[in-house]
Amino acid sequence: MSFTAQAAAPPIVEAIGVSKRYGPTIALHEAQLRVVAGESHALVGRNGAGKSTLVGILTGLRAPDTGMVRFAGEPAPPIADREGWRQRVACVYQHSTIIPDLTVAENLFINRQPEKRGFISWPTLKREARALLDRWNVAVSEDMRAGDLRIEARQLVEIARALSYGARFIILDEPTAQLDGEEIKRLFVRIRELQAAGVTFLFISHHLQEVYEICQTVTVLRDARHIVTAPVADLPKDRLIEAMTGEQVHFGFADAAGRSPVRDAPVALEVKGISGEDFEDVSFTVRKGETIGISGATSSGRVGVAEAVAGLARFGKGEIRIEGRRLPSGNVPAALALGVGCVPKSRHDQGLVLPLSVADNGTMTKAGRMGPLGFIAPRRRAETTNRMIRELGVVTQGPEQPVSGLSGGNQQKVVMGRALATDPSVLVLLDPTAGVDVKSKEALLAVVERMRREGKAILVVSGEIEDLRTCDRVLVMRHGRVVAEKKAGWSDNELVAAIEGI
Ligand SMILES: Nc1ncnc2c1ncn2[C@@H]1O[C@H](COP(=O)(O)OP(=O)(O)OP(=O)(O)O)[C@@H](O)[C@H]1O
């Protein structure tokens, strides 16, 4: 399409004056979005700005209270017409919609298997799946169990599935959140190829540099409202952040570079030669008042080491001591009892019970400590929860609100609050700021710094530069082993080079 034809054509998708409330919460207020065919369009905003609500409306999962959605100038299908929506739009979520126990081919053609006289024709199914994967250049076997796919491959399979329904507009909801540097580079190559082949993307990310790298246009939502839509080239980073936060801000992430090293404080965490499923012979110590980072690619073994310290994963050889006392392998209650607090990797699968309240989630690790038989006296529960809400700045309607209604950043603050509720001496933080916006990130890292000053020993396991900058030292892992150690003061390039082994 020529540039003038493109400008004249109706947008591939348009949301006009869309509003949505959840009880007293206004999730969207007369919001608008206009995505031109062929572009990659970023949708950004702080946690709770209304992005997921808008995605729900654009994909027909939720009806707006007022306003409308149009696709290529035509009104969207009725909500009940799932097939109609699938032909126009798909969303690849952070949490996969793929069924792990089915093969890739079965996942691609779920509920629309080719039939021969009323029976599913397996050879045809496989053949069609192969053709579909080849057409979109997805190098994945159609016979593979979908649960065994890496996240990167799983995302491509989901994109191919959406394209096979006819949709040429795809929403990517934080697609890079669980990928490492190399994987992100490969994903971006594929996005550009698909874009050249006529696919339009709406890209949601809290990593603003990615917006500049992959998108041509950006829309900012703030407090349920549309703030601005502009070419990314016209909106430099400080103005973009200003649009997101509504204030001129200078972010002050804690930085360990100027701090004098902790030398004589007692060792709180001692890890000696431990080996586990994906790591080998890992040793380090963390003193009270010290923050140590572990970084590396997603498959480097960094998560395994952290989970071993938190009791979430087993280790075979070696030993872990918490203030001198030996930690049994793979035993969460024992880790808690010895004084380990943990922010686990996935706040949905391991962290929070979504239907339960802020108070229930926040005090869960304390049951059994506050009273006999795990019963927590209502007054103590309320005190603990209110303190957490205050100290961590959780934005919530109150202690009894289900955490499912909180934004991502506020959910993460509850996970952090829960890790701190037992007053641990060792804190293990896995990707503590994943999926949270710049300001919540700053707030969470300020809490980490406060905990360090109070004398806790902190282990931060992360791929995020800002998280690692709070650390006195960063251990870099590759293929299950610690291969480098960087003292605070490293440059981004230096650390990335160590992580990627360049
Ligand atoms: N099911 C729900 N029940 C009650 N409130 C909700 C529900 N879903 C969203 N909200 C509220 O609506 C507002 C907008 O939330 P939304 O999830 O759309 O924001 P977001 O921009 O996607 O945030 P994040 O970046 O954290 O994912 C928030 O205040 C949120 O708490």
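This briefing walks through the fold, the ligand shell and a few chosen residues of the structure above. The model is predicted, so local features need pLDDT of at least 70 and side-chain atom pairs count only at pLDDT 80 or more, while totals for chains, interfaces and linings use all residues. Residues are numbered from 1 along each chain as its sequence is written. The protein chain has 18 helices and 22 strands. Helices (H or I, at least four residues) and strands (E, at least two) are DSSP runs, numbered from the N terminus.

**The chain as a whole**

- Of the 502 residues in the protein chain, 43% count as buried. A residue is buried if 20 or more other C-beta atoms lie within 10 Å of its own, exposed if 12 or fewer, and partly exposed in between; C-beta atoms are placed from the backbone.
- Take the contacts between residues at least 6 apart in sequence: 67% of them join residues at least 24 apart. Two residues are in contact if their C-beta atoms, placed from the backbone, lie within 7 Å.

**The ligand shell**

- The shell around the ligand has 16 residues, and Y22, N47, S52, G405 and G408 come nearest. A residue is near a molecule or strand if its C-beta atom, placed from the backbone, lies within 6 Å of it.
- Three elements give two or more residues each to this shell: β2 (25-35), α2 (51-58) and α15 (408-420).
- The largest share, three residues, comes from α2.
- By class, the shell has four nonpolar, eleven polar and one charged residues. Ala, Val, Leu, Ile, Met, Phe, Trp, Tyr, Cys and Pro count as nonpolar, Asp, Glu, Lys and Arg as charged, and the others, Gly among them, as polar.
- The ligand shell lies between domain 1 (3-98 + 149-245) and domain 3 (348-423), because both give residues to it. Domain bounds come from an automatic or database domain assignment.

**The sheet with β1 and β2**

- Four strands form an open antiparallel sheet, in the order β2-β1-β4-β5. Strands pair if DSSP finds at least two bridges between them.
- β2 and β5 (74-75) are the edge strands, and each pairs on one side only.
- β1 (residues 13-22) and β2 run antiparallel, joined by seven bridges. One bridge pairs K20 with L28 in β2.
- Helix α2 lies across β1, β2 and β4 (66-71), at about 120° to β1. Axes are lines fitted to C-alpha atoms, for helices over the stretch in contact, and angles run from 0 to 180 degrees between N-to-C directions.

**The sheet with β13 and β16**

- Another open sheet has four strands in the order β14-β13-β16-β17, again with antiparallel pairing.
- Its edge strands are β14 (279-287) and β17 (325-326), each pairing on one side only.
- Four bridges link β13 (residues 267-276) to β16 (residues 319-322) in the antiparallel sense. Here E270 stands opposite R321, and V271 stands opposite I320.
- β16 has two unlike faces: I320 and I322 are on the covered one, E319 and R321 on the uncovered one.
- β16 and β17 form a hairpin with two residues between them, and E323 in the turn has a positive phi of about 45°. Two bridges pair these antiparallel strands, and R325 in β17 is the bridge partner of I322.
- Helix α10 (residues 302-309) lies across β13, β14 and β16, running at about 125° to β13.

**An enclosed strand, β20**

- Five of the five residues of β20 (residues 457-461) are buried, so this strand is largely enclosed by the rest of the structure.
- Both faces are covered: A457, L459 and V461 on one side, I458 and V460 on the other.
- β15 (residues 291-296) pairs with β20 in the parallel sense over four bridges, and I292 stands opposite L459.
- β19 also runs parallel to β20, joined by five bridges. In that pairing, L427 has I458 as its bridge partner.

**A buried loop residue, V436**

- V436 lies in the loop between β19 (426-430) and α16 (438-453).
- V436 counts as buried because 24 other C-beta atoms lie within 10 Å.
- V436 and H206 are 230 residues apart along the chain, yet their C-alpha atoms are separated by 6.8 Å.
- Leaving aside neighbours within four places in sequence, V436 is in contact with N47, H206, G408, G409, Q412, K441 and L444. Of these, N47 and G408 are also among the residues that come nearest the ligand.
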